[in-house]
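Hi,

Here is the structure I promised to pass on. My notes follow below it.

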Amino acid sequence: MVDPVPYNTRDWDVHPAYDYGPYASTRLRAPKQPLVKIDHTLSEVTGPSFGPDSAPELEADLTRNARINGEPLGERIIVTGRVLDEDGRAVPNAMIEIWQANSCGRYIHEIDQHDAPLDPNFTGAGRTLTDDDGRYTFLTIRPGAYPWGNHYNAWRPAHIHFSLFGPGFAARLVTQMYFPGDPLQPIDPIFNGAPSREAMAALVSDFSIDITQPEWALGFTWDIVLRGRNATPMENQ
């Protein structure tokens with residue numbers, strides 16, 4: 001079960017502020033008045049439930065789930081990790097959806113007008129359920145950096161968006177995973193919206209030679225902690 005952080009207990013030492021000046025669009029969408037608590041209805045927190053049919057095995061392989069004419073372009077990577085609660089216990093049967101830019105740094109979206117090619121064999125979207133140990137695994141293409149217009153010469157570091165669902169649509173958390181050693185991270189306002197070095201570090205995956213498959217794909221590990229002092233920073237709580 002993935003629980004949203006309670007209304008009045010958001011940990012500002014871990015999670016980004018709603019209004020973070022260097023990230024320009026937060027000035028427009030951050031609340032201007034005190035928040036009003038609206039209790040969830042029973043249906044919002046108990047359904048719909050996600051069974052095995054909600055995430056067929058192929059959906060976790062972004063190199064095949066949209067293939068039309070051939071292999072997608074770019075560097076194959078394996079991204080795996082565990083979803084854990086604040087006590088390090090596994091969270092099974094959590095629905096994880098990911099979306100990302102292609103290897104050239106472009107999304108399949110009408111708003112994305114970046115002058116980079118689209119890949120007809122890559123949609124950049126996938127999903128899976130965590131297993132009994134809370135583990136998830138995706139095979140995908142390493143995303144490219146892209147310009148985003150927040151300020152002069154602004155470029156987003158390579159990243160993958162993660163969305164986690166609990167027992168209902170109201171129990172949803174969203175965050176981003178980054179890659180180690182990316183020189184764009186220190187100058188990216190979204191990454192630096194995390195309030196501490198520890199929180200930033202929690203957003204960066206680790207390279208793993210053990211996960212890496214010879215002559216096939218590099219491996220990266222990234223655990224997601226839902227709550228507590230070691231929680232992974234989330235965008236939308």
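Buried residues, meaning those under 20% relative accessible area (exposed is over 50%, partly exposed in between, with a 1.4 Å probe and protein chains only), make up 46% of the 237 residues in the protein. This is a predicted model, where local features need pLDDT of at least 70 and side-chain atom pairs count only at pLDDT 80 or more, while totals for chains, interfaces and linings use all residues. Residues are numbered from 1 along each chain as its sequence is written, and side-chain values use heavy atoms, with hydrogens and water left out.

On the outside, the protein exposes about 12800 Å² (Shrake-Rupley method, 1.4 Å probe; for residues, only the protein chains shown count as cover), and 54% of that area is supplied by carbon and sulfur atoms.

As for the fold, you will find three helices and 11 strands, taken as DSSP runs numbered from the N terminus (helices are H or I with at least four residues, strands E with at least two). From the N terminus on, their order is α-α-β-β-β-β-β-β-β-β-α-β-β-β. Counting contacts (heavy atoms within 4.5 Å) between residues at least 6 apart in sequence, 70% join residues at least 24 apart.

One residue to look at is Asp 188, which sits in the loop between strand 8 and helix 3 (197-201). Asp 188 counts as buried because its relative accessible area is 0%. Leaving aside residues up to four places away in sequence, Asp 188 touches Trp 148, Trp 155, Arg 156, Pro 157 and Tyr 178. Pro 22 lies 166 residues from Asp 188 in sequence, yet their C-alpha atoms are 9.0 Å apart.

Now the part you may want for your own work: the largest pocket holds about 970 Å³ of space. A pocket here is an open set of points on a 1 Å grid over the protein atoms alone, where a 1.4 Å probe fits, with protein on both sides within 12 Å along at least five of seven lines; lining residues have an atom within 4 Å of a point. The volume is the space filled by probe spheres set on the points, which are joined across faces, edges and corners. Of the 39 lining residues, Tyr 23, Arg 29, Gln 176, Ile 190 and Glu 235 are the closest to the centre of the pocket. Helix 1 (26-29), strand 5 (146-147) and strand 8 (172-178) each give two or more residues to this lining, and strand 8 has the largest share, with three.

Happy browsing!
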